[in-house]
Amino acid sequence: MCADPQCGWVHWDNPLPVVAAIVEHTDSEGKILLARNRAWEAVFFGLITGFIERGESPEEAAAREVKEEVGLDVTATSLVGVYDFQRKNELIIAYHVRAQGEIVLNEELCDYRLIAPEKLRPWDAGTGLAVRDWLARRG
């Protein structure tokens, strides 16, 4: 809030909703696709993520981001969970998606890996929590 009581200005610093997709590539024996953003260090790979557009459901946003970023067509979507990501002031709505097609990276990405689910290891924050929960549900 503005320190002057006459001002009345308030900045609402609400988190921004974003989607994340745990992409199961059905053309690669169900391996999980992790991608590396061009801005990241070479050792970092992550889920496909993006913003929800006006008039779009979170499920539609997840499918659109997968198509835009890696060229795959989503055939099934299921909610994994919702996670706060305070470092970036975001609220992550995470999905497991099954997708097919040829992997074609867009200009934001520079590399990808396909990881067998049993070899996937979650990380301690953000989308890693969704990976942890998804793996736990698989048993």
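**View 1. Hairpin of strands E1 and E2 in the predicted model.** Five residues lie between the two strands of this hairpin, and among them Glu29 has a positive phi near 55 degrees. Glu29 sits in the loop between E1 and E2 and is not a glycine. Most residues other than glycine have a negative phi. The relative accessible area of Glu29 is 75%, so Glu29 is exposed. The strands themselves run antiparallel and are joined by three bridges. His25 has Lys31 of E2 as its bridge partner.

**View 2. Surroundings of His25 in strand E1.** His25 belongs to E1. Its relative accessibility is 4%, under the 20% limit, and therefore His25 counts as buried. The side chains of His25 and Ser28 are joined by a polar contact of 2.6 Å. With neighbours within four places in sequence left aside, His25 is in contact with Gly30 and Lys31, and also with Leu72, Ala99, Gln100, Gly101, Ile103 and Leu114.

**View 3. Strand E2 and its pairing with E6.** Five of the seven residues of E2 are buried, and the strand is mostly covered. E2 pairs with E6 over six bridges in the antiparallel sense, and it is also joined to E1, by three bridges. Within the pairing of E2 and E6, Tyr112 of E6 is the bridge partner of Ala35.

**View 4. Surroundings of His96 in strand E5.** His96 is part of E5. With a relative accessible area of 13%, under the 20% limit, His96 is therefore buried. A polar contact of 2.7 Å links the side chain of His96 to that of Glu24. Residues up to four places away in sequence are not counted in the following list: His96 touches Ile22, Glu24, Ala76, Thr77, Ser78, Val80 and Trp134.

**View 5. Helix H1 and what covers it.** H1 spans residues 58-70 and has 13 residues. From first C-alpha to last it reaches 18 Å, close to the 18 Å expected at 1.5 Å a residue. Its buried residues are Ala61, Ala62, Arg64, Glu65, Val66, Glu69 and Val70. An α-helix has 3.6 residues a turn, so residues three or four places apart point the same way. The cover over the buried residues of H1 includes strands E1 (16-25), E2 (31-37) and E3 (48-51). It also includes strands E4 (73-85), E5 (90-100) and E6 (109-115). After H1 comes Gly71, with a positive phi near 75 degrees.

**View 6. Asn89 in the loop between E4 and E5.** Asn89 is a residue other than glycine with a positive phi, near 55 degrees. It lies in the loop between E4 and E5. Its relative accessibility is 26%, which lies between the limits of 20% and 50%, so Asn89 counts as partly exposed.

**View 7. Cysteines Cys7 and Cys110.** Cys7 is partly exposed, at 39% relative accessibility. Cys110 is partly exposed as well, at 29% relative accessibility. A disulfide is a covalent bond between the sulfur atoms of two cysteines. With a cut-off of 2.5 Å between cysteine sulfur atoms, the count of disulfides in the predicted model is zero.

Notes:
Residues are numbered from 1 along each chain as its sequence is written. This is a predicted model: local features need pLDDT of at least 70, side-chain atom pairs count only at pLDDT 80 or more; totals for chains, interfaces and linings use all residues. Side-chain values use heavy atoms; hydrogens and water are left out. Helices (H or I, at least four residues) and strands (E, at least two) are DSSP runs, numbered from the N terminus. The expected span of a helix is 1.5 Å times one less than its number of residues. Buried means under 20% relative accessible area, exposed over 50%, partly exposed in between (1.4 Å probe, protein chains only). Contact means heavy atoms within 4.5 Å. A polar contact is a pair of N or O atoms within 3.5 Å; within protein, one must be able to donate a hydrogen and the other to accept it, and residues adjacent in sequence count only if both atoms are side-chain atoms. Two strands pair if DSSP finds at least two bridges between them.
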